[in-house]
Amino acid sequence: MSRQVVRSSKFRHVFGQPAKADQCYEDVRVSQTTWDSGFCAVNPKFMALICEASGGGAFLVLPLGKTGRVDKNVPLVCGHTAPVLDIAWCPHNDNVIASGSEDCTVMVWEIPDGGLVLPLREPVVTLEGHTKRVGIVAWHPTAQNVLLSAGCDNVILVWDVGTGAAVLTLGPDVHPDTIYSVDWSRDGALICTSCRDKRVRVIEPRKGTVVAEKDRPHEGTRPVHAVFVSEGKILTTGFSRMSERQVALWDTKHLDEPLSLQELDTSSGVLLPFFDPDTNIVYLCGKGDSSIRYFEITSEAPFLHYLSMFSSKESQRGMGYMPKRGLEVNKCEIARFYKLHERKCEPIAMTVPRKSDLFQEDLYPPTAGPDPALTAEEWLGGRDAGPLLISLKDGYVPPKSRELRVNRGLDSARRRATPEPSGTPSSDTVSRLEEDVRNLNAIVQKLQERLDRLEETVQAK
């Protein structure tokens, strides 16, 4: 008589806990665009989500603690002239965010520490080079000011944000059709892409060469998403020929057969994978689903182990994923998601049940910190480095705000050399006026908050 042995794992009982109503962000108008991105980006300071906007594209940025009902007149980041498709926070500066839009541009913005007081229309830098809409933006994990963008012109551009110039181009000869997903390796040496031509590619972007390639990792016609996981492996999500959703794990050195292939269900939503390199857990969030599945990846067969699933009643329109340094370690929180409903953003904490209140070193190994390991020039010159790690034992203390400095070169020099037309106020005058307007808006906002509290008190009585 054989006995089934249950695999030992400290993550077997991880459970999801949705935030209470007063910890959610209410009355937000989430974008109706059908693009397959998360529509939400979070970091230890801010929550950003792509929202509906008339007359162009916009996204909302709120300080993380500013929960509750969001004022309908809240200032937005609204410099794009067409809908925003993707947003991403810079991993080395919590005040800098990049956005890609249907207007074919990538814009990089700097958000003040307290959040926006006025609508933000002027980006720090506008990156122009795509000829069709930009659907993917992704920051380099270890090199400073390096940003990747992928457009529906089948081109991937790598930008040096410090100079505002495209330094690398992967043209349509690499991807002959629409690019569905792009992911950097942990040290930023390689990128992994999935494309509408049903191929997943591992690419060395500085040389423009395809290191490994897999044709039809999933037999179905629906979009495939691919991410790097530990030890040189990649994980893909897609559909079978019978339209069943699948998740597969591949060794990039031997792409003939998957290390593991599992069928999940017959839903139609594309699965967005989020990988945590500290715990080797991958979370799968389907657009239109009401659940989050999570799997543990190990170095021995069968490699991909299903752990559990968090389910709720309402479906998700998008999902944001908090970096490890933004979590509450004293509550054994190993991941946090920001689930977008139609009119709400709801944080969901993934927690390991532990009785002790002490710091759990096995759950929190040193994790990627906010300091870059390389400059853009060093990375372009051929150097690679893993992220600079920090300990979370005493909690994470954010560094002081860092200003994003952009040297626009000849173009900005030309603008400085152009004399101002007569009757135009000087830049100093404009700056003082803008500062006065910001102060007035802050006063108005405080008065409005007091008025709202007064109304609530009157209604309660």
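Is V108 buried or exposed? V108 counts as buried, because its relative accessibility is 0% and the cut-off for buried is under 20%. Keep in mind that what you're looking at is a predicted model. Here's a quick tour, starting from that residue and moving on to sheets, cores and empty spaces.

**V108 and its surroundings**
- You'll find V108 in strand β10.
- Skipping residues up to four places away in sequence, V108 touches V96, I97, A98, P123, V124, V125, L127, W139, L147, V161 and L404.
- A41 sits 67 residues from V108 in sequence, and their C-alpha atoms are 14 Å apart in space.

**A four-stranded sheet**
- Strands in a sheet are held in pairs by backbone hydrogen bonds, and the pairing can be parallel or antiparallel.
- Try tracing the open sheet of 4 strands that goes β12-β13-β14-β15, where the pairing is antiparallel.
- At its edges are β12 (134–139) and β15 (165–170), each of which pairs on one side only.
- Going from one strand to the next, the twist averages 25°.
- β14 (residues 156–160) pairs with β15 in the antiparallel sense, over 5 bridges.
- To see one bridge up close, look at L157, whose partner in β15 is T169.

**A hairpin with a covered strand**
- In a regular strand, side chains take turns pointing to the two faces of the sheet.
- Strand β20 (residues 225–228) is covered on both faces: H225 and V227 are buried on one side, and A226 and F228 are buried on the other.
- β20 and strand β21 (residues 233–239) run antiparallel and are joined by 4 bridges.
- H225 turns up again here, since its bridge partner in β21 is T237.
- The β20 and β21 hairpin has 4 residues between its strands, and E231 takes a positive phi near 55°.

**Two nonpolar cores**
- The largest nonpolar core has 37 residues, and the members that touch the most others are M47, F59, L60, I111 and Y338.
- Several strands each supply at least two residues of this core: β3 (40–42), β4 (46–51), β5 (57–63), β8 (84–89), β10 (105–110) and β29 (333–340).
- β4 gives the largest share, with 6 residues.
- A second, separate core has 24 residues, including V14, L272, I281 and M319.
- Y338 is worth clicking on: leaving out neighbours within four places in sequence, its contacts include Y25, C40, V42, M47, L64 and M319.
- Also among the contacts of Y338 are C345, E346 and P347.

**Empty spaces**
- How do you find gaps in a protein? Rolling a probe the size of a water molecule over the atoms shows where empty space is left.
- The structure holds 2 cavities of 30 Å³ or more.
- The largest cavity has a volume of about 70 Å³.
- Its lining is made of 11 residues, and those nearest the centre are N93, D94, P399, K400 and R402.
- The second largest pocket holds about 670 Å³ of space.
- That pocket is lined by 20 residues, with K66, D71, Q445, E449 and D452 closest to its centre.
- Helix α3 (residues 427–460) provides the largest share of this pocket's lining, 8 residues.

Technical notes
Residues numbered from 1 in each chain as written. Predicted model: local features only at pLDDT ≥ 70, side-chain atom pairs only at ≥ 80, totals over all residues. Heavy atoms only, no water. Pairing = 2+ DSSP bridges. Axes fitted to C-alpha atoms, helices over the stretch in contact; angles between N-to-C directions. Core = buried A, V, L, I, M, F, W, Y, C linked by side-chain atoms within 4.5 Å. Buried < 20%, exposed > 50% of the residue type's maximum accessible area, 1.4 Å probe, protein only. Contact = heavy atoms within 4.5 Å. 1 Å grid on protein atoms, 1.4 Å probe; cavity = no way out; pocket = protein on both sides within 12 Å on 5 of 7 lines; lining within 4 Å. Points joined across faces, edges and corners; volume = space filled by probe spheres on them.
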